[in-house]
Amino acid sequence: MKRLPIVVLTGRANVGKSTLFNRLLKQSYSMVSSVPGTTRDFHEGIFRYTDSTAVTLVDLPGVLAGDYLSELAFEKSKKIIEKSDLIVLIVEAKGLTHLDEEIALYLRKFNKPMILAVNKSEGKTDLADFYSLGIEDIVQISAYHGLNIYQLEDLIFNKITGRKFEEPNPIVFGIFGLPNVGKSSLANAILGEERFIVSDIAGTTREVVAKQFRKLGKSWLLLDSAGIKRRKSYDKELDGLSVSRSISALNAPMGVLVVDASRMVTRQDKRIANLMLERTGASVIFINKKDLVPKSSVAIVYNNIKEDLKFMDSPVIFGSALTGENVNLVLENLREIWEKAMRSYSKKDILKAIGYAVSKRPITVENKFFVVKNIRFESKFPLIVGIRSNVRQDLVPKSYLKYLINTVKKELDMSGINLKIGLID
(Lines give C-alpha, C1' and ligand atoms only; values in the text may rest on other atoms or scores of the structure.)
Protein backbone atom coordinates (compact mmCIF):
# COMPACT_ATOMS: atom_id res chain seq x y z
CA MET A 1 0.00 0.00 0.00
CA LYS A 2 1.37 3.41 -0.97
CA ARG A 3 2.38 5.63 1.95
CA LEU A 4 0.49 8.90 2.29
CA PRO A 5 2.59 12.09 2.28
CA ILE A 6 3.32 13.34 5.81
CA VAL A 7 2.72 16.97 6.78
CA VAL A 8 3.88 18.07 10.24
CA LEU A 9 2.59 21.03 12.23
CA THR A 10 5.22 22.41 14.55
CA GLY A 11 6.21 25.48 16.54
CA ARG A 12 6.54 26.71 20.09
CA ALA A 13 3.88 25.96 22.68
CA ASN A 14 0.50 27.70 22.62
CA VAL A 15 0.68 29.16 19.09
CA GLY A 16 -2.44 27.19 18.05
CA LYS A 17 -1.04 24.02 16.48
CA SER A 18 -3.70 21.76 17.98
CA THR A 19 -6.47 24.20 17.02
CA LEU A 20 -5.18 24.21 13.43
CA PHE A 21 -4.82 20.42 13.45
CA ASN A 22 -8.45 20.06 14.55
CA ARG A 23 -9.59 22.68 12.04
CA LEU A 24 -7.90 20.88 9.13
CA LEU A 25 -9.26 17.52 10.21
CA LYS A 26 -12.70 19.10 10.77
CA GLN A 27 -13.03 17.45 14.17
CA SER A 28 -11.43 17.53 17.61
CA TYR A 29 -8.63 15.03 18.07
CA SER A 30 -5.93 16.99 19.90
CA MET A 31 -6.50 18.52 23.30
CA VAL A 32 -6.84 22.30 22.93
CA SER A 33 -6.03 24.47 25.94
CA SER A 34 -4.67 27.92 26.79
CA VAL A 35 -2.10 26.30 29.09
CA PRO A 36 1.27 26.26 27.26
CA GLY A 37 2.67 22.80 26.62
CA THR A 38 -0.67 20.93 26.68
CA THR A 39 0.39 18.62 23.82
CA ARG A 40 3.21 16.40 25.13
CA ASP A 41 2.76 13.62 22.56
CA PHE A 42 2.28 13.89 18.84
CA HIS A 43 -1.13 13.30 17.29
CA GLU A 44 -1.90 12.28 13.75
CA GLY A 45 -4.90 12.00 11.48
CA ILE A 46 -5.82 11.76 7.81
CA PHE A 47 -6.39 15.14 6.16
CA ARG A 48 -8.41 14.49 3.00
CA TYR A 49 -8.05 17.42 0.63
CA THR A 50 -10.06 15.95 -2.24
CA ASP A 51 -11.51 12.50 -2.96
CA SER A 52 -8.19 11.50 -4.52
CA THR A 53 -5.71 13.49 -2.40
CA ALA A 54 -4.98 12.85 1.27
CA VAL A 55 -2.05 13.34 3.63
CA THR A 56 -1.11 12.17 7.10
CA LEU A 57 -1.25 15.27 9.27
CA VAL A 58 0.91 15.21 12.42
CA ASP A 59 0.58 17.65 15.33
CA LEU A 60 3.96 17.74 17.06
CA PRO A 61 4.40 18.77 20.71
CA GLY A 62 5.00 22.47 21.24
CA VAL A 63 8.36 23.70 22.48
CA LEU A 64 8.34 25.68 25.72
CA ALA A 65 11.61 27.52 26.47
CA GLY A 66 13.35 26.19 29.56
CA ASP A 67 10.96 23.25 29.93
CA TYR A 68 12.89 19.98 29.84
CA LEU A 69 9.88 17.78 29.03
CA SER A 70 8.74 19.87 26.06
CA GLU A 71 12.29 20.09 24.68
CA LEU A 72 12.69 16.33 25.11
CA ALA A 73 9.37 15.71 23.36
CA PHE A 74 10.42 17.96 20.49
CA GLU A 75 13.73 16.12 20.17
CA LYS A 76 11.79 12.84 19.95
CA SER A 77 9.90 14.35 17.01
CA LYS A 78 13.11 14.32 14.97
CA LYS A 79 12.33 10.97 13.33
CA ILE A 80 8.87 12.14 12.28
CA ILE A 81 10.30 15.35 10.79
CA GLU A 82 12.91 13.30 8.88
CA LYS A 83 10.14 11.16 7.34
CA SER A 84 7.90 14.13 6.58
CA ASP A 85 7.25 15.58 3.13
CA LEU A 86 6.27 19.07 4.29
CA ILE A 87 6.73 21.17 7.44
CA VAL A 88 4.21 23.80 8.51
CA LEU A 89 5.80 26.10 11.09
CA ILE A 90 3.23 28.02 13.14
CA VAL A 91 3.95 31.36 14.77
CA GLU A 92 1.81 34.11 16.30
CA ALA A 93 0.89 37.32 14.49
CA LYS A 94 1.76 39.45 17.51
CA GLY A 95 5.43 38.99 16.67
CA LEU A 96 8.42 36.70 16.38
CA THR A 97 10.22 35.42 19.45
CA HIS A 98 13.79 34.22 19.85
CA LEU A 99 12.40 30.69 20.26
CA ASP A 100 10.56 30.95 16.91
CA GLU A 101 13.87 31.83 15.26
CA GLU A 102 15.66 28.92 16.95
CA ILE A 103 12.96 26.45 15.85
CA ALA A 104 13.04 27.73 12.25
CA LEU A 105 16.84 27.42 12.19
CA TYR A 106 16.60 23.85 13.52
CA LEU A 107 13.92 22.86 10.97
CA ARG A 108 15.87 24.23 8.00
CA LYS A 109 18.57 21.60 8.68
CA PHE A 110 16.16 18.92 7.49
CA ASN A 111 16.02 20.47 4.00
CA LYS A 112 12.25 19.95 3.68
CA PRO A 113 9.68 22.16 1.93
CA MET A 114 8.24 24.59 4.47
CA ILE A 115 5.22 26.83 4.95
CA LEU A 116 5.04 29.55 7.60
CA ALA A 117 1.52 29.92 9.05
CA VAL A 118 1.12 33.21 10.93
CA ASN A 119 -1.71 32.34 13.30
CA LYS A 120 -4.09 34.61 15.23
CA SER A 121 -4.08 37.08 12.33
CA GLU A 122 -7.57 38.47 12.97
CA GLY A 123 -6.23 42.03 12.70
CA LYS A 124 -3.78 43.72 10.36
CA THR A 125 -0.33 42.10 10.55
CA ASP A 126 2.98 43.43 9.29
CA LEU A 127 4.79 40.43 7.79
CA ALA A 128 8.17 42.13 7.34
CA ASP A 129 9.78 40.46 10.39
CA PHE A 130 8.46 37.04 9.48
CA TYR A 131 10.33 36.98 6.16
CA SER A 132 13.55 37.05 8.19
CA LEU A 133 12.97 33.34 8.94
CA GLY A 134 13.86 32.57 5.33
CA ILE A 135 10.61 30.76 4.54
CA GLU A 136 9.24 31.83 1.17
CA ASP A 137 5.62 30.65 1.52
CA ILE A 138 3.80 32.59 4.21
CA VAL A 139 0.05 32.56 4.87
CA GLN A 140 -1.83 34.57 7.50
CA ILE A 141 -4.51 32.51 9.25
CA SER A 142 -6.76 32.30 12.26
CA ALA A 143 -7.14 28.64 13.19
CA TYR A 144 -9.81 29.53 15.75
CA HIS A 145 -11.98 31.64 13.43
CA GLY A 146 -11.23 29.76 10.19
CA LEU A 147 -9.59 32.75 8.47
CA ASN A 148 -7.68 31.81 5.28
CA ILE A 149 -7.69 28.09 6.13
CA TYR A 150 -8.54 27.25 2.52
CA GLN A 151 -5.55 29.25 1.28
CA LEU A 152 -3.36 27.19 3.61
CA GLU A 153 -4.97 23.96 2.34
CA ASP A 154 -4.32 25.04 -1.27
CA LEU A 155 -0.69 25.76 -0.43
CA ILE A 156 -0.27 22.36 1.22
CA PHE A 157 -1.82 20.72 -1.87
CA ASN A 158 0.50 22.66 -4.16
CA LYS A 159 3.60 21.76 -2.15
CA ILE A 160 2.70 18.07 -1.93
CA THR A 161 1.55 17.49 -5.52
CA GLY A 162 3.41 20.21 -7.41
CA ARG A 163 0.08 21.18 -8.95
CA LYS A 164 -2.14 24.19 -8.51
CA PHE A 165 -5.54 23.20 -7.18
CA GLU A 166 -8.30 23.76 -9.72
CA GLU A 167 -11.63 24.25 -7.97
CA PRO A 168 -14.27 21.86 -9.36
CA ASN A 169 -17.85 22.98 -9.85
CA PRO A 170 -19.27 23.15 -6.33
CA ILE A 171 -22.20 21.11 -5.06
CA VAL A 172 -24.91 23.69 -4.39
CA PHE A 173 -27.35 23.38 -1.51
CA GLY A 174 -29.69 25.81 0.21
CA ILE A 175 -30.85 26.02 3.82
CA PHE A 176 -34.59 26.70 4.06
CA GLY A 177 -37.25 27.03 6.73
CA LEU A 178 -39.41 29.39 8.72
CA PRO A 179 -37.93 32.55 10.27
CA ASN A 180 -35.93 32.03 13.48
CA VAL A 181 -35.57 28.24 13.27
CA GLY A 182 -31.76 28.55 13.22
CA LYS A 183 -30.89 28.49 9.52
CA SER A 184 -27.97 30.94 9.80
CA SER A 185 -26.77 29.25 12.99
CA LEU A 186 -26.72 25.93 11.13
CA ALA A 187 -24.88 27.53 8.20
CA ASN A 188 -22.22 28.88 10.58
CA ALA A 189 -21.93 25.51 12.33
CA ILE A 190 -21.43 23.72 8.98
CA LEU A 191 -18.77 26.24 7.94
CA GLY A 192 -17.10 26.28 11.33
CA GLU A 193 -17.02 30.08 11.31
CA GLU A 194 -19.31 33.02 12.10
CA ARG A 195 -20.04 33.87 8.47
CA PHE A 196 -23.74 34.71 8.77
CA ILE A 197 -25.42 37.14 11.17
CA VAL A 198 -27.38 35.33 13.90
CA SER A 199 -30.06 36.98 16.04
CA ASP A 200 -33.15 35.99 18.03
CA ILE A 201 -35.02 38.62 15.99
CA ALA A 202 -36.98 36.88 13.23
CA GLY A 203 -36.11 38.19 9.77
CA THR A 204 -32.44 39.04 10.43
CA THR A 205 -31.47 37.42 7.12
CA ARG A 206 -33.03 39.40 4.27
CA GLU A 207 -31.02 38.22 1.28
CA VAL A 208 -29.96 34.81 -0.03
CA VAL A 209 -26.27 34.79 0.94
CA ALA A 210 -23.79 32.39 -0.72
CA LYS A 211 -20.57 30.98 0.69
CA GLN A 212 -18.22 28.56 -1.06
CA PHE A 213 -16.11 26.16 1.00
CA ARG A 214 -14.49 22.72 0.97
CA LYS A 215 -15.21 19.78 3.24
CA LEU A 216 -15.30 16.00 2.99
CA GLY A 217 -13.15 16.16 -0.14
CA LYS A 218 -15.80 18.17 -2.00
CA SER A 219 -16.31 21.78 -3.04
CA TRP A 220 -19.64 23.20 -1.79
CA LEU A 221 -21.71 26.33 -2.28
CA LEU A 222 -24.03 27.05 0.64
CA LEU A 223 -27.05 29.33 0.20
CA ASP A 224 -28.42 30.79 3.44
CA SER A 225 -31.94 32.01 2.76
CA ALA A 226 -34.37 34.32 4.51
CA GLY A 227 -37.17 32.68 6.48
CA ILE A 228 -40.20 31.85 4.34
CA LYS A 229 -43.24 33.37 6.07
CA ARG A 230 -46.90 32.96 5.26
CA ARG A 231 -48.03 35.71 2.91
CA LYS A 232 -50.41 37.24 5.46
CA SER A 233 -47.49 37.54 7.92
CA TYR A 234 -45.54 39.97 5.70
CA ASP A 235 -44.85 43.19 7.63
CA LYS A 236 -43.69 45.22 4.67
CA GLU A 237 -42.74 45.05 1.01
CA LEU A 238 -39.20 44.01 2.01
CA ASP A 239 -40.55 40.81 3.62
CA GLY A 240 -42.26 39.87 0.37
CA LEU A 241 -39.06 40.48 -1.59
CA SER A 242 -36.99 38.39 0.87
CA VAL A 243 -39.44 35.48 0.67
CA SER A 244 -39.57 35.72 -3.11
CA ARG A 245 -35.78 35.42 -3.32
CA SER A 246 -35.78 32.48 -0.89
CA ILE A 247 -38.38 30.66 -2.99
CA SER A 248 -36.25 31.29 -6.10
CA ALA A 249 -33.30 29.74 -4.25
CA LEU A 250 -35.40 26.58 -3.84
CA ASN A 251 -34.29 25.75 -7.38
CA ALA A 252 -30.92 24.80 -5.87
CA PRO A 253 -29.90 21.19 -6.65
CA MET A 254 -30.21 20.23 -2.98
CA GLY A 255 -31.86 21.65 0.11
CA VAL A 256 -31.82 21.33 3.89
CA LEU A 257 -35.15 21.91 5.61
CA VAL A 258 -34.63 23.27 9.13
CA VAL A 259 -37.45 22.85 11.65
CA ASP A 260 -37.60 23.92 15.28
CA ALA A 261 -37.68 21.04 17.80
CA SER A 262 -39.18 23.31 20.46
CA ARG A 263 -42.46 23.62 18.56
CA MET A 264 -44.71 21.40 16.51
CA VAL A 265 -44.48 21.14 12.73
CA THR A 266 -46.70 23.85 11.25
CA ARG A 267 -48.64 24.06 7.98
CA GLN A 268 -46.01 26.52 6.75
CA ASP A 269 -43.21 24.01 7.52
CA LYS A 270 -45.09 21.50 5.35
CA ARG A 271 -45.63 24.09 2.62
CA ILE A 272 -41.88 24.76 2.48
CA ALA A 273 -41.26 20.99 2.45
CA ASN A 274 -43.58 20.59 -0.53
CA LEU A 275 -41.87 23.47 -2.35
CA MET A 276 -38.56 21.69 -1.82
CA LEU A 277 -39.98 18.43 -3.21
CA GLU A 278 -41.22 20.29 -6.27
CA ARG A 279 -38.10 22.33 -6.96
CA THR A 280 -34.93 20.81 -5.48
CA GLY A 281 -33.25 17.64 -6.65
CA ALA A 282 -32.64 16.22 -3.17
CA SER A 283 -33.34 17.11 0.43
CA VAL A 284 -32.34 16.51 4.04
CA ILE A 285 -34.29 17.45 7.18
CA PHE A 286 -32.47 18.99 10.16
CA ILE A 287 -34.48 19.17 13.38
CA ASN A 288 -32.73 22.00 15.22
CA LYS A 289 -32.59 23.10 18.88
CA LYS A 290 -32.30 19.63 20.38
CA ASP A 291 -30.55 21.37 23.28
CA LEU A 292 -33.90 22.94 24.25
CA VAL A 293 -35.72 19.60 24.45
CA PRO A 294 -35.76 17.73 27.80
CA LYS A 295 -33.92 14.41 27.54
CA SER A 296 -37.08 12.54 28.49
CA SER A 297 -38.89 14.04 25.46
CA VAL A 298 -36.18 13.66 22.79
CA ALA A 299 -37.50 10.40 21.30
CA ILE A 300 -41.12 11.65 21.32
CA VAL A 301 -40.25 14.96 19.62
CA TYR A 302 -38.07 13.21 17.03
CA ASN A 303 -40.72 10.61 16.16
CA ASN A 304 -43.53 13.20 15.97
CA ILE A 305 -41.63 15.50 13.60
CA LYS A 306 -40.39 12.57 11.51
CA GLU A 307 -43.98 11.33 11.19
CA ASP A 308 -45.27 14.79 10.21
CA LEU A 309 -42.65 15.09 7.45
CA LYS A 310 -42.52 11.47 6.30
CA PHE A 311 -43.99 12.48 2.93
CA MET A 312 -40.58 14.00 2.11
CA ASP A 313 -38.87 10.59 2.37
CA SER A 314 -35.63 12.33 3.32
CA PRO A 315 -32.92 11.60 5.91
CA VAL A 316 -33.84 13.16 9.26
CA ILE A 317 -31.11 14.54 11.54
CA PHE A 318 -31.85 15.63 15.11
CA GLY A 319 -29.23 18.01 16.43
CA SER A 320 -28.31 21.50 17.56
CA ALA A 321 -26.63 24.25 15.56
CA LEU A 322 -25.77 25.94 18.88
CA THR A 323 -23.91 23.00 20.43
CA GLY A 324 -22.82 21.45 17.11
CA GLU A 325 -24.47 18.10 17.89
CA ASN A 326 -24.92 16.06 14.69
CA VAL A 327 -24.20 19.07 12.44
CA ASN A 328 -21.52 16.99 10.68
CA LEU A 329 -24.25 14.60 9.52
CA VAL A 330 -25.80 17.29 7.29
CA LEU A 331 -22.90 17.35 4.80
CA GLU A 332 -22.33 13.60 5.14
CA ASN A 333 -25.95 12.92 4.13
CA LEU A 334 -25.85 15.50 1.32
CA ARG A 335 -22.65 13.96 -0.06
CA GLU A 336 -24.13 10.46 0.08
CA ILE A 337 -27.29 11.59 -1.72
CA TRP A 338 -25.26 13.56 -4.30
CA GLU A 339 -23.04 10.59 -5.08
CA LYS A 340 -26.11 8.37 -5.32
CA ALA A 341 -27.76 10.81 -7.73
CA MET A 342 -24.61 11.15 -9.83
CA ARG A 343 -24.60 7.40 -10.50
CA SER A 344 -27.23 8.30 -13.10
CA TYR A 345 -29.91 5.70 -12.54
CA SER A 346 -30.34 3.85 -15.81
CA LYS A 347 -33.48 3.89 -17.90
CA LYS A 348 -33.55 0.11 -17.60
CA ASP A 349 -33.51 0.19 -13.77
CA ILE A 350 -36.26 2.81 -13.49
CA LEU A 351 -38.42 1.13 -16.14
CA LYS A 352 -38.07 -2.17 -14.28
CA ALA A 353 -39.00 -0.56 -10.94
CA ILE A 354 -42.04 1.19 -12.48
CA GLY A 355 -43.09 -2.10 -14.09
CA TYR A 356 -42.83 -3.83 -10.71
CA ALA A 357 -44.96 -1.09 -9.08
CA VAL A 358 -47.66 -1.38 -11.76
CA SER A 359 -47.78 -5.19 -11.50
CA LYS A 360 -48.05 -4.94 -7.73
CA ARG A 361 -50.99 -2.51 -7.91
CA PRO A 362 -52.58 -2.45 -11.38
CA ILE A 363 -55.28 0.13 -12.19
CA THR A 364 -57.83 0.47 -14.95
CA VAL A 365 -58.53 3.69 -16.81
CA GLU A 366 -61.61 3.82 -19.10
CA ASN A 367 -61.91 0.03 -18.82
CA LYS A 368 -58.28 -0.46 -19.88
CA PHE A 369 -55.42 -1.71 -17.73
CA PHE A 370 -52.77 0.96 -17.32
CA VAL A 371 -49.68 -0.16 -19.28
CA VAL A 372 -46.27 1.55 -19.35
CA LYS A 373 -44.97 1.58 -22.93
CA ASN A 374 -41.76 3.50 -22.38
CA ILE A 375 -40.12 6.20 -20.25
CA ARG A 376 -38.02 9.28 -20.98
CA PHE A 377 -35.68 11.28 -18.79
CA GLU A 378 -36.90 14.86 -18.77
CA SER A 379 -34.05 15.83 -16.41
CA LYS A 380 -31.32 13.87 -14.63
CA PHE A 381 -31.01 16.17 -11.59
CA PRO A 382 -33.57 16.89 -10.39
CA LEU A 383 -34.61 13.46 -11.61
CA ILE A 384 -37.77 13.86 -13.69
CA VAL A 385 -39.16 10.83 -15.54
CA GLY A 386 -41.90 10.96 -18.15
CA ILE A 387 -44.04 7.84 -18.74
CA ARG A 388 -45.57 7.06 -22.11
CA SER A 389 -48.62 4.82 -21.56
CA ASN A 390 -51.70 3.44 -23.30
CA VAL A 391 -54.18 5.85 -21.62
CA ARG A 392 -54.84 9.58 -21.60
CA GLN A 393 -52.41 11.26 -19.22
CA ASP A 394 -55.04 13.48 -17.57
CA LEU A 395 -57.05 10.43 -16.46
CA VAL A 396 -54.36 8.81 -14.29
CA PRO A 397 -54.92 9.84 -10.64
CA LYS A 398 -52.17 11.90 -8.99
CA SER A 399 -52.34 9.54 -6.05
CA TYR A 400 -51.28 6.69 -8.36
CA LEU A 401 -48.28 8.67 -9.63
CA LYS A 402 -47.34 9.32 -6.00
CA TYR A 403 -47.53 5.58 -5.37
CA LEU A 404 -45.23 4.95 -8.36
CA ILE A 405 -42.73 7.51 -7.04
CA ASN A 406 -42.69 5.97 -3.56
CA THR A 407 -42.29 2.42 -4.87
CA VAL A 408 -39.51 3.30 -7.33
CA LYS A 409 -37.61 5.21 -4.64
CA LYS A 410 -37.88 2.27 -2.28
CA GLU A 411 -36.81 -0.27 -4.90
CA LEU A 412 -33.79 1.79 -6.02
CA ASP A 413 -32.75 3.10 -2.59
CA MET A 414 -33.41 6.73 -3.52
CA SER A 415 -34.17 8.17 -0.07
CA GLY A 416 -33.52 11.91 -0.14
CA ILE A 417 -33.70 12.15 -3.95
CA ASN A 418 -36.78 14.11 -5.00
CA LEU A 419 -37.94 11.92 -7.88
CA LYS A 420 -40.72 13.29 -10.05
CA ILE A 421 -42.82 11.11 -12.37
CA GLY A 422 -45.37 12.39 -14.86
CA LEU A 423 -47.18 11.21 -17.99
CA ILE A 424 -46.18 12.35 -21.48
CA ASP A 425 -47.75 11.94 -24.93
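User: What makes a residue count as buried here?

Analyst: Buried means under 20% relative accessible area. In this predicted model, Y106 is buried, and so is F110, so each falls under that 20% limit.

User: Why is the contact of Y106 with F110 called an edge-to-face aromatic pair?

Analyst: Happy to walk through it. The structure holds seven aromatic pairs, and Y106 with F110 is one of them. Their ring centres lie 5.3 Å apart, within the 6.5 Å limit for a pair. The planes stand at 75°, and an angle over 60 degrees counts as edge-to-face.

User: How do you know that F370 and Y400 form an edge-to-face pair, and what does the pair tie together?

Analyst: The values are 5.8 Å centre to centre and 80° between the planes, so the 6.5 Å and 60 degree criteria are both met. F370 lies in the loop between β14 and β15, while Y400 belongs to helix α12, so the pair ties together parts that are 30 residues apart in sequence. F370 is buried, and so is Y400.

User: Why is R361 said to lie over the face of Y403?

Analyst: R361 is at 4.0 Å from the ring centre of Y403, and the cut-off is 6 Å, together with a position within 35 degrees of the ring normal. The charged end of K290 likewise sits over a ring, that of F318, 5.4 Å from its centre.

User: What makes β15 and β17 edge strands?

Analyst: The open sheet has three strands in the order β15-β16-β17. β15 and β17 each have a single partner strand, so one side of each is left without a neighbour in the sheet.

Note on methods
Residues numbered from 1 in each chain as written. Predicted model: local features only at pLDDT ≥ 70, side-chain atom pairs only at ≥ 80, totals over all residues. Heavy atoms only, no water. Phe/Tyr/Trp six-rings, centres within 6.5 Å; stacked < 30°, edge-to-face > 60°. Buried < 20%, exposed > 50% of the residue type's maximum accessible area, 1.4 Å probe, protein only. Helix = DSSP H or I, 4+ residues; strand = E, 2+ residues; numbered from the N terminus. Pairing = 2+ DSSP bridges.
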